[in-house]
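This report describes a protein together with DNA, with attention to a pocket and to the contacts made with each strand.

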Amino acid sequence: MSRQLSYHEQVEVFARLRAANPQPKGELEHLNAFTLLVAVALSAQATDASVNKATRDLFPIADTPQKMLAIGEEGLIPYIRTIGLYRNKAKNVIRLSELLVERHGGEVPSSRAALEALPGVGRKTANVVLNMWWGFPSQPVDTHVFRVSNRTGVAMGADVVAVERGLENHVPVEYQQLSHHWLILHGRYTCVARKPKCPTCLIRDLCTFEEKTPE
DNA sequence: ATCCCGAGGG
DNA sequence: CCCTCTGGAT
């Protein structure tokens with residue numbers, strides 16, 4: 001079973017993850033604040049590779065809310081059909097574009113409340129935009145961050161809000177801005193959901209998580 | 001707690 | 001076949 005890491009261990013974990021990836025950028029392709037917001041909203045329960053494949057054709061012709069509205073829901077669906085949950089997402093992106101024009105002059109707002117008031121934008125998506133675009137040290141907790149945080153003991157919690165609080169309290173200040181990228185990359189390529197690659201893990205000696213299924 | 005939902009991997 | 005993927009709304 002996992003346990004909460006000490007401060008010293010936290011520092012060591014992030015130091016190693018940073019050394020392995022000094023300048024993580026995130027792997028969701030986008031052209032500006034609007035396309036970042038849309039890309040993150042589209043990425044719910046979908047791989048970023050799947051989202052990038054769709055947005056590579058979509059964003060060049062719809063990189064502003066006004067252009068997105070010009071395409072419309074029926075025009076948008078063909079681009080994002082290969083992403084899961086596309087009916088809800090199409091409706092949300094169009095309504096979200098309308099609200100950006102009506103309330104925010106077509107710009108992406110910088111407050112959590114304004115972001116979360118947009119359809120299809122919840123806590124996690126708002127945190128990504130606040131972190132990646134507006135530069136706040138917010139801690140988005142997605143499936144990777146939740147799993148990796150609990151397994152490694154970087155931050156433990158029964159739900160995403162608890163893990164988010166844990167990260168805010170335990171991640172050393174110098175790592176807060178980029179910590180979510182490191183946790184995601186670690187979760188995507190090493191600490192994967194099904195069969196974690198513990199034998200080649202950079203932080204194996206600091207981690208108390210053990211695969212239960214014997215080989 | 002349940003629904004939305006296609007693609008990729010094992 | 002089953003599980004997972006940078007969740008959100010009801």
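The lining of the largest pocket takes at least three residues from each of domain 1 (7–25 + 138–206) and domain 2 (33–132); these domain bounds come from an automatic or database domain assignment. The model is predicted: local features need pLDDT of at least 70 and side-chain atom pairs count only at pLDDT 80 or more, whereas totals for chains, interfaces and linings use all residues. Residues are numbered from 1 along each chain as its sequence is written, chains are lettered from A and ligands numbered from 1 in the order in which they are written, and side-chain values use heavy atoms, with hydrogens and water left out.

The largest pocket holds about 800 Å³ of space. Of its 34 lining residues, Ser43, Ala44, Ala46, Lys124 and Asp142 are the closest to its centre. A pocket is defined on a 1 Å grid over the protein atoms alone, as an open set of points where a 1.4 Å probe fits, with protein on both sides within 12 Å along at least five of seven lines; lining residues have an atom within 4 Å of a point. At least two lining residues come from each of α2 (33–42), α5 (86–104), α7 (123–132), α8 (143–152) and α10 (179–189), helices being DSSP runs (H or I) of at least four residues. By class, the lining has 13 nonpolar, 13 polar and 8 charged residues.

Lys124 also appears at the DNA: with Asp48, Thr125, His144 and Arg147 it is among the nearest of the 29 residues around DNA strand C, where "around" requires a heavy atom within 4 Å. Sugar and phosphate make up 66% of the atoms of DNA strand C that come within 4 Å of the protein. For DNA strand B, the corresponding share is 59%, and the rest belong to bases. The residues around DNA strand B include Gln45, Tyr86, Arg87, Asn88 and Arg194.

The table lists polar contacts (pairs of N or O atoms within 3.5 Å).

| Residue and part | DNA atom | Distance |
|---|---|---|
| Asp48, backbone | strand C, phosphate oxygen | 2.7 Å |
| Thr125, side chain | strand C, phosphate oxygen | 2.7 Å |
| Thr143, side chain | strand C, phosphate oxygen | 2.8 Å |
| Arg87, backbone | strand B, phosphate oxygen | 2.8 Å |
| Asn88, backbone | strand B, phosphate oxygen | 3.3 Å |
| Arg194, side chain | strand B, base nitrogen | 2.9 Å |

The unreviewed UniProt entry annotates residues 42–189 as "domain: HhH-GPD". This span is 64% helix and 0% strand, and its end C-alpha atoms lie 21 Å apart.

Notes:
A polar contact is a pair of N or O atoms within 3.5 Å; within protein, one must be able to donate a hydrogen and the other to accept it, and residues adjacent in sequence count only if both atoms are side-chain atoms. UniProt positions are given in the numbering used here, feature names are shortened, and annotations may be inferred rather than shown by experiment. Grid points are joined across faces, edges and corners, and a volume is the space filled by probe spheres set on the points. Ala, Val, Leu, Ile, Met, Phe, Trp, Tyr, Cys and Pro count as nonpolar, Asp, Glu, Lys and Arg as charged, and the others, Gly among them, as polar.
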